[in-house]
Amino acid sequence: MADSELAPKFAPFFSFAGIAAAMIFGSAGAAYGTAKSGIGIAGVGTYRADLIMKSLIPVVMSGIIAVYGLVIAVLIAQAVGPTTNMSLYTGFMHLAAGMSVGLTGVAAGYTIGVVGDAGVRAYMQQSRVYVGMILILIFGEVLGLYGLIVGLILNSKS
């Protein structure tokens with residue numbers, strides 16, 4: 001028997017589950033980070049409208065989390081086709097890649113949301129907090145970046 005005869009027909013399901021995990025969880029993390037940071041920005045804007053533009057950094061960083069999910073989803077989708085004979089190993093590698101990007105996206109989005117909300121409110125009170133807030137936001141964003149790196153490595157092994 002050839003390898004192609006042993007490949008199960010349901011293996012691409014796990015690749016599509018990886019695509020869904022990357023997009024759903026990554027977008028959910030980005031949405032939470034945007035919403036939570038936006039609440040803080042709205043609170044700041046009522047008192048100090050001049051600080052709104054500098055306070056948008058957490059919202060931009062949250063949006064990048066969704067882009068990480070999109071990148072890995074597109075890479076996985078390119079490897080799947082109706083005539084592709086895929087091994088179960090490849091399907092599970094795609095699932096792991098999507099889950100690593102998606103779940104770290106949730107963690108990063110949550111972190112950015114909480115830090116962004118509290119950070120912009122503190123920035124309104126004391127301008128020296130800004131650099132510290134940006135550094136903490138970067139460390140939160142790096143969580144999602146680590147997931148993307150792992151996802152790219154897993155995708156290259158499939």
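## Note on the charged and aromatic contacts

1. Lys36, Asp117 and Arg121 are joined in a network of salt bridges. Keep in mind that this is a predicted model. The points below take the charged contacts, then the annotated spans, then the rings.

2. How many salt bridges does the structure hold? The count is three. One of them pairs the side chains of Lys36 and Asp117, with N to O at 3.5 Å. Lys36 belongs to helix H2 (residues 11–47) and Asp117 to helix H4 (residues 88–125), so this contact ties together parts that lie 81 residues apart in sequence.

3. Asp117 also bridges to Arg121. Here the closest N and O atoms are 2.8 Å apart. Both residues sit in helix H4, at a spacing of four residues, or about one turn of the helix. Asp117 therefore takes part in a contact within helix H4 and in one that reaches helix H2.

4. Is Asp117 buried or exposed? Its relative accessible area is 11%. The cut-off for buried is under 20%, so Asp117 counts as buried. Its two partners are rated otherwise. Lys36 is partly exposed, at 27%. Arg121 is partly exposed too, with 35% relative accessibility. The network thus has a buried acid with partly exposed basic partners, Lys36 and Arg121.

5. Another salt bridge links Arg48 and Asp50. The closest N and O atoms are 3.3 Å apart. Arg48 is partly exposed, at 34% relative accessibility. Asp50 comes to 55% and counts as exposed. As a general point, side chains of opposite charge can pair when their charged atoms come close.

6. Which residues carry the "transmembrane region" annotation? An unreviewed UniProt entry gives residues 12–35, 56–80, 92–117 and 129–154. Two of these spans can be set against the model. Residues 92–117 are 100% helix and 0% strand. The end C-alpha atoms of residues 92–117 are 37 Å apart. Residues 56–80 are 88% helix and 0% strand. For residues 56–80, the end C-alpha atoms lie 37 Å apart.

7. Now the rings. The structure has five aromatic pairs. In one of them, the ring centres of Phe10 and Phe14 are 6.3 Å apart and the planes stand at 70°, so the pair is edge-to-face. Phe10 is partly exposed, with a relative accessible area of 49%. Phe14 is buried, at 17%.

8. Phe14 pairs with Phe92 as well. The centres are 4.4 Å apart and the planes differ by 35°, which makes the pair tilted. Phe14 is in helix H2 and Phe92 in helix H4, 78 residues apart, so the pair links distant parts of the chain. Phe92 is partly exposed, with a relative accessible area of 39%.

9. Which residues make up the aromatic cluster around these pairs? Phe10, Phe13, Phe14 and Phe92 form one cluster. Helices H2 and H4 are thus linked by an aromatic pair, Phe14 with Phe92, and by a salt bridge, Lys36 with Asp117.

10. One contact joins the two themes, a charge and a ring. Lys54 lies over the face of Tyr130. The distance to the ring centre is 4.5 Å.

Notes
Residues numbered from 1 in each chain as written. Predicted model: local features only at pLDDT ≥ 70, side-chain atom pairs only at ≥ 80, totals over all residues. Heavy atoms only, no water. Salt bridge = Lys/Arg side-chain N within 4 Å of Asp/Glu carboxyl O. Helix = DSSP H or I, 4+ residues; strand = E, 2+ residues; numbered from the N terminus. Buried < 20%, exposed > 50% of the residue type's maximum accessible area, 1.4 Å probe, protein only. UniProt positions renumbered as here; feature names shortened; annotations may be inferred. Phe/Tyr/Trp six-rings, centres within 6.5 Å; stacked < 30°, edge-to-face > 60°. Lys NZ or Arg CZ within 6 Å of the ring centre and 35° of its normal.
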